[in-house]
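Visitor: Could you walk me through one part of this model in detail? I'd like a close look at a single pocket and whatever charged pairs turn up around it.

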Amino acid sequence: MKLGRLATLALAALWLAAGARAAPAPELRVLVDTSTAMPMSEIVHGVVVGGIHRDLAIALADQLHTTARVSAMPRKRIPVSLERGDADLSCHYLPAWLPGAFDWTMPFLPNAILIVTGTQWPAPASIDVLRGAPIGTVLGFSYPEVQHALGTGFIRDDASDALQNLTKFAAGRTHHALTGEVFFSYQQRLHPTLLQVHRPLLVTRFQAQCAVSRRGRYPAAAIDRAIRALQKSKRIEAIYASYR
């Protein structure tokens, strides 16, 4: 009788252990800035339905053996949400762009910041010659290299998002605009007659990172392991290549 009871207890313990092992990992909660546009993100009625951000979130979630929940949020609210642990991460930033009490992954997302000038205007030889000239920018975005180069001569002409910034530029409302290389190249392929520019001025080339919540479900070390696996499989390269 006693042996039978012990066997029952042992079997129950095995069932509990198996259930714990089979329990699904918590979903990966990823935030995307509402001011981004394709190819970085396609946001329809507040829902992220496509783009590099969404593809990357799904790829990271696959490595973590879970699913991704990708939500759009205004840039100014993202740091607070990460600090509270309401989300796990938000990608394609540098620490200088998104101050806050959170951790950072390894650099791994290639991009560059450019200044573009329409062909109907003289081509600037350097950033310095743009001192005092209005430059198209995105509200809430930081451009530390340009600020350092031009100082008080950095005259921002803010747009609400990246696409509006380029729309103003294409319409001639700004002669120069700051833009991301990946975004601009994609949009220029879509609108070659509207976006005719001189050779862009390179402001900085970088590899962006993900900001990781210290109160989230996945620490930065776990995200870094997932990133390395994606790099090894060349999945990140494939994601970017699909939008070229």
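Guide: Let's start with the lining of the second largest pocket: Asp33, Thr34, Ser35, Pro74, Arg75, Lys76, Leu139, Gly140, Ser160 and Asp161. Keep in mind that this is a predicted model. The space in this pocket comes to about 160 Å³. By class, its lining splits into 4 charged residues, 4 polar ones and 2 nonpolar ones.

Two of those lining residues, Asp33 and Arg75, are worth zooming in on. They form a salt bridge, with 3.3 Å between the closest N and O atoms. Asp33 sits in strand E1 (residues 28–33), while Arg75 is in the loop between strand E4 (68–73) and helix H3 (78–84), so the salt bridge ties together parts that are 42 residues apart in sequence. Now, are the partners buried or exposed? Asp33 has a relative accessibility of 3%, so it counts as buried. Arg75 comes out at 10%, and because the cut-off for buried is under 20%, Arg75 is buried as well.

That pair belongs to a set of 10 salt bridges in the structure. The general idea is simple: side chains of opposite charge can pair when their charged atoms come close. Another of these pairs is Asp157 with Lys168, whose closest N and O atoms are 2.6 Å apart. This one also links distant parts of the chain, with Asp157 in strand E9 (residues 155–159) and Lys168 in helix H5 (residues 162–170), 11 residues apart. Here the two ends differ in burial: Asp157 is partly exposed at 24%, whereas Lys168 is buried at 5%. Then there's Asp158 with Arg156, a salt bridge at 3.0 Å, N to O. Asp158 has a relative accessible area of 34% and is partly exposed, and Arg156, at 31%, counts as partly exposed too.

For contrast, have a look at the largest pocket, which holds about 210 Å³ of space. It is lined by 14 residues, and the ones closest to its centre are Pro110, Glu181, Val182, Tyr240 and Arg244. Strand E7 (109–117), helix H6 (181–190) and strand E11 (201–212) each supply at least two residues of that lining, with H6 giving the most, 5 residues. Its lining divides into 8 nonpolar, 2 polar and 4 charged residues. Set that beside the pocket we started with, where the split is 2 nonpolar, 4 polar and 4 charged.

Methods. Residues are numbered from 1 along each chain as its sequence is written. This is a predicted model: local features need pLDDT of at least 70, side-chain atom pairs count only at pLDDT 80 or more; totals for chains, interfaces and linings use all residues. Side-chain values use heavy atoms; hydrogens and water are left out. A salt bridge is a side-chain nitrogen of Lys or Arg within 4 Å of a carboxyl oxygen of Asp or Glu. Helices (H or I, at least four residues) and strands (E, at least two) are DSSP runs, numbered from the N terminus. Buried means under 20% relative accessible area, exposed over 50%, partly exposed in between (1.4 Å probe, protein chains only). On a 1 Å grid over the protein atoms alone, a cavity is a set of points where a 1.4 Å probe fits but cannot get out, and a pocket is an open set with protein on both sides within 12 Å along at least five of seven lines; lining residues have an atom within 4 Å of a point. Grid points are joined across faces, edges and corners, and a volume is the space filled by probe spheres set on the points. Ala, Val, Leu, Ile, Met, Phe, Trp, Tyr, Cys and Pro count as nonpolar, Asp, Glu, Lys and Arg as charged, and the others, Gly among them, as polar.
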